[in-house]
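This report goes through a two-chain model, from an annotated segment to the contacts between side chains. Please keep the structure open while reading.

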Amino acid sequence: MSESSAVEIDFFRLEEESSSPNRLPSRRNIQDVISKINPELLKPAIASAFANNGFVANKSFTSPLQLQTLPVYNQDCGGANMATTAASLTIFYNGTVSVFEVTPNQAENIMKLAESVKSESETAVKPESNQSPAIGGVISKDLPLSRKKSLKRFLEKRKERQVSASPYASLH
Amino acid sequence: MEDRNATNHRVHGMSDVVFECVLAYIHDSRDRQSVSLVCRRLYELESQTRKHVTMALCYTATPKQLRRRFPFLESVKLKGKPRAAMYNLIPEDWGGFATPWVEEISKSLSCLKAVHLRRMIVRDEDLELLGRERGHVLQVLKLDKCSGFSTDGLAHISRSCRNLKVLFLEESQVIEKDGEWLHELAMNNTQLETLNFYMTDLSLVSSKDLELIAKSCKSLASVKIGDCEILDLVGFFRFAGSLEEFCGGCFNNHAEHYASLAYPKGLCRLGLNFMSTNEMPIVYPFASRLKKLDLLYALLDTEDHCTLLQRCPNLEVLETRNVIGDRGMEVLACSCKKLKRLRIERGADEQEMEDEEGVVSQRGLTAIAQGCLDLEYIAVYVSDITNAALESMGTNLKKLCDFRMVLLDREEVITDLPLDNGIRSLLSGCNQLRRFALYLRPGGLTDVGLTYIGQHSENIRWMLLGYLGESDSGLLGFSRGCPSLQKLEVRGCCFSEKALAMAVLQLRSLRYLWVQGYRGSNTGFDLLAMARPFWNIEIIPPRKAVSGEGIEIEHPAHILAYYSLAGPRTDFPPSVIPLNYIAQ
């Protein structure tokens with residue numbers, strides 16, 4: 001479990017030893033990091049977020065809890081040549097998971113393709129929408145009440161005791 | 001005003017010393033959090049004087065971050081797996097590994113005396129390290145519903161932690177090799193006050209070791225053990241002069257043998273496993289002293305409950321199965337006026353296994369509402385319910401902080417659904433509620449009812465919604481309220497990914513979300529609408545698992561999302577997938 005991929009924003013400037021004398025205020029820090037997000041991938045994510053609307057970004061960065069609806073930033077995005085660097089694209093489909101190494105352009109094309117297919121067949125898909133969507137939404141009746149582990153164990157033990165005590169007798 | 005001289009700090013005209021003295025009296029973590037936000041100096045002072053931290057999820061910060069902020073911590077509680085793990089819903093290897101925490105504790109948290117790990121994976125090597133590095137100062141070790149370790153690891157603890165006052169292992173899955181660990185404890189420890197290996201299936205322990213512990217540890221107050229024959233504990237009971245709480249044991253012999261057993265004079269919290277009608281009379285001599293009674297694992301029927309509870313006027317805590325029945329609830333309401341906590345669990349499904357009177361309904365709840373006015377906590381599995389019963393609770397139970405109700409699915413027809421008005425009355429009447437769980441069925445609560453919950457839950461911090469609402473608009477109405485909601489669990493509801501994402505963004509105090517059962521989008525991208533910095537999103541995809549009886553069970557997908565200062569996890573097992581990486 002390496003620390004290098006952990007993300008830490010030093011809000012209170014506690015790490016004096018690693019900072020320069022003219023350290024940026026925390027607000028700037030967050031914006032700097034967010035600006036390193038690959039713009040190619042920001043677009044579809046923002047588009048889908050704004051499509052829902054209702055609570056769009058007019059909030060300032062006062063605390064992590066009130067940040068805008070931006071996608072999670074990619075720590076590895078610093079400075080590299082975006083257009084040709086391949087990254088993992090994971091696709092969930094019909095209960096299977098596939099991972100591909102694609103460039104950002106390819107990824108955008110794939111996502112565009114998926115969206116165009118979706119809008120065309122929206123009406124046809126609707127009745128099926130409860131069946132097997134990408135990650136696996138389920139209708140209520142597929143989820144039975146589950147029992148607490150400790151009680152389950154006790155009820156099993158009780159059954160064993162009753163069977164061993166009087167295997168042929170009725171229980172009450 | 002402010003003197004910026006580094007050696008003589010003054011905050012708002014008062015010296016540090018004043019604040020240090022005052023801070024020593026502030027214990028509540030929310031108050032301390034407020035203090036730390038005032039100014040930088042108070043933040044530092046608060047960090048240095050903080051004695052206890054609870055991390056509701058161990059992935060919200062790294063061990064190093066914890067240590068850096070609170071270097072003089074004396075007590076820490078860490079929680080790992082989602083609560084649903086207690087119901088067998090989470091893959092065993094999900095995560096919550098204790099290793100990085102134990103390593104940090106051993107290296108630098110030198111003031112730490114108490115460690116409480118809940119639903120985490122702990123290895124023998126972790127226990128060995130902890131014992132070796134902190135054994136001389138460790139006073140409290142709680143491995144609460146943990147797994148991954150064996151009795152070898154426990155033996156290390158027993159050998160190295162001679163000052164241990166509390167050893168708590170309740171409901172942990174321990175690989176049992178022998179009973180050495182208890183023997184080592186008996187040989188080395190004289191300080192023990194609490195010993196708990198309840199519900200662990202550890203059976204190779206010797207009653208002689210228990211007796212020795214009772215003899216050596218004069219302050220031994222609470223002992224909860226596994227299935228050890230009660231008759232073997234005669235010596236233990238004789239020597240445990242300070243004992244106040246005892247749970248466990250079992251009755252394998254004829255009832256007469258137990259009649260002459262003597263129990264410690266101070267015993268007031270009791271749970272005798274596999275106790276049936278015939279053995280019940282052994283409790284009568286001290287029933288009037290009882291403050292807490294655990295009948296979850298007893299073999300009593302409804303009539304037995306009525307007989308026993310009548311004799312317990314000082315009862316404050318009762319835990320039992322729904323075999324207590326409405327009649328038992330009525331007796332409770334009449335006889336146990338001091339009742340503060342009531343937990344009614346779900347008994348066996350097969351009719352023959354439980355008393356046919358063993359169902360709880362609006363009748364029992366109404367009786368309790370009118371009779372036990374001091375009630376602070378109620379968790380109940382009901383077979384039937386009405387709005388009126390809930391209204392009665394709202395009117396009478398003004399001290400209620402924690403309400404949990406599950407409507408069982410055996411009965412086809414329920415007397416009075418939907419429960420919109422009853423729930424509204426309950427929530428507006430019980431305004432001290434902090435925790436709320438409601439698990440119904442389709443038709444149990446409409447979108448209007450769900451919106452009511454949002455509107456009337458001022459102080460509620462944790463909620464479980466099971467099969468509530470009719471559509472996305474219910475969830476959106478709900479999420480416009482709930483100003484204090486920090487942790488939300490949703491199961492079996494029909495909400496779409498889009499609505500869930502929007503709800504998350506509207507619930508202003510939310511920092512943790514767990515969902516099982518939802519309408520997934522075809523692209524799987526709708527959930528990304530809630531993506532933002534510091535918000536981790538994880539998916540446990542649908543999977544098939546084989547239950548204990550060899551039946552294949554389908555587990556639908558889960559969503560887990562939470563705020564974290566540590567970025568995405570770096571220790572995912574194959575069964576968990578971070579949604580963040582899809583955005584790369």
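In chain B, residues 72-117 carry the UniProt annotation "domain: Transport inhibitor response", which comes from an unreviewed entry. That annotation may be inferred rather than shown by experiment. Within residues 72-117 of chain B, helix accounts for 20% and strand for 20%, and the C-alpha atoms at the two ends are 19 Å apart. The model is predicted, and the values below are computed from it.

**The two chains**

Chain B contains 18 helices and 27 strands. Its C-alpha atoms occupy a box of roughly 70 × 60 × 55 Å along the principal axes. The radius of gyration of chain B is 25 Å, and this agrees with the value near 25 Å expected for a compact globule of 584 residues. Of those 584 residues, 62% count as buried.

Chain A has 5 helices and 2 strands. Read from the N terminus, the order of elements in chain A is α-α-β-β-α-α-α. Of the 172 residues in chain A, 29% are buried.

**Salt bridges**

Over all chains, the structure holds 43 salt bridges. Three of them are set out here.

| Pair | Closest N to O distance |
|---|---|
| Lys157(A) and Asp227(B) | 3.0 Å |
| Asp144(B) and Lys145(B) | 3.7 Å |
| Asp374(B) and Lys399(B) | 3.1 Å |

Which parts of the structure does the salt bridge between Lys157(A) and Asp227(B) connect? Lys157(A) belongs to helix 5 (residues 149-165) of chain A, while Asp227(B) sits in the loop between strand 11 (222-224) and helix 10 (234-239) of chain B, so this pair joins two chains. The partners differ in exposure class: Lys157(A) is buried because its relative accessible area of 15% falls under the 20% limit, whereas Asp227(B), at 38%, is partly exposed.

The same pair is part of a wider arrangement. Arg153(A), Glu156(A), Lys157(A), Asp201(B) and Asp227(B) are linked in a network of salt bridges.

The other two pairs lie within chain B. In the salt bridge between Asp144(B) and Lys145(B), both residues are buried. For the salt bridge between Asp374(B) and Lys399(B), Asp374(B) is in the loop between helix 13 (362-371) and strand 17 (377-382), and Lys399(B) is in the loop between helix 14 (387-396) and strand 18 (402-407), so the contact ties together parts of chain B that are 25 residues apart in sequence. Asp374(B) is partly exposed, with a relative accessible area of 28%. Lys399(B) is likewise partly exposed, at 40%.

**Cavities**

How many cavities of 30 Å³ or more are there? The count is 6. The second largest cavity encloses about 50 Å³ of space.

Residues of both chains line this second largest cavity: Arg153(A), Phe154(A) and Lys157(A) from chain A, and Met199(B), Asp227(B), Asn273(B), Phe274(B) and Tyr297(B) from chain B. By class, its lining comprises 4 nonpolar, 1 polar and 3 charged residues. The lining includes Lys157(A) and Asp227(B), the two residues whose salt bridge joins the chains. Arg153(A) also appears in the lining, and Arg153(A) is one of the members of the salt-bridge network.

Definitions and conventions
Residues numbered from 1 in each chain as written. Chains lettered and ligands numbered in written order. Predicted model: local features only at pLDDT ≥ 70, side-chain atom pairs only at ≥ 80, totals over all residues. Heavy atoms only, no water. Salt bridge = Lys/Arg side-chain N within 4 Å of Asp/Glu carboxyl O. Helix = DSSP H or I, 4+ residues; strand = E, 2+ residues; numbered from the N terminus. Buried < 20%, exposed > 50% of the residue type's maximum accessible area, 1.4 Å probe, protein only. 1 Å grid on protein atoms, 1.4 Å probe; cavity = no way out; pocket = protein on both sides within 12 Å on 5 of 7 lines; lining within 4 Å. Points joined across faces, edges and corners; volume = space filled by probe spheres on them. Nonpolar A, V, L, I, M, F, W, Y, C, P; charged D, E, K, R; others polar. Rg over C-alpha atoms; globule rule 2.2 N^0.38 Å.
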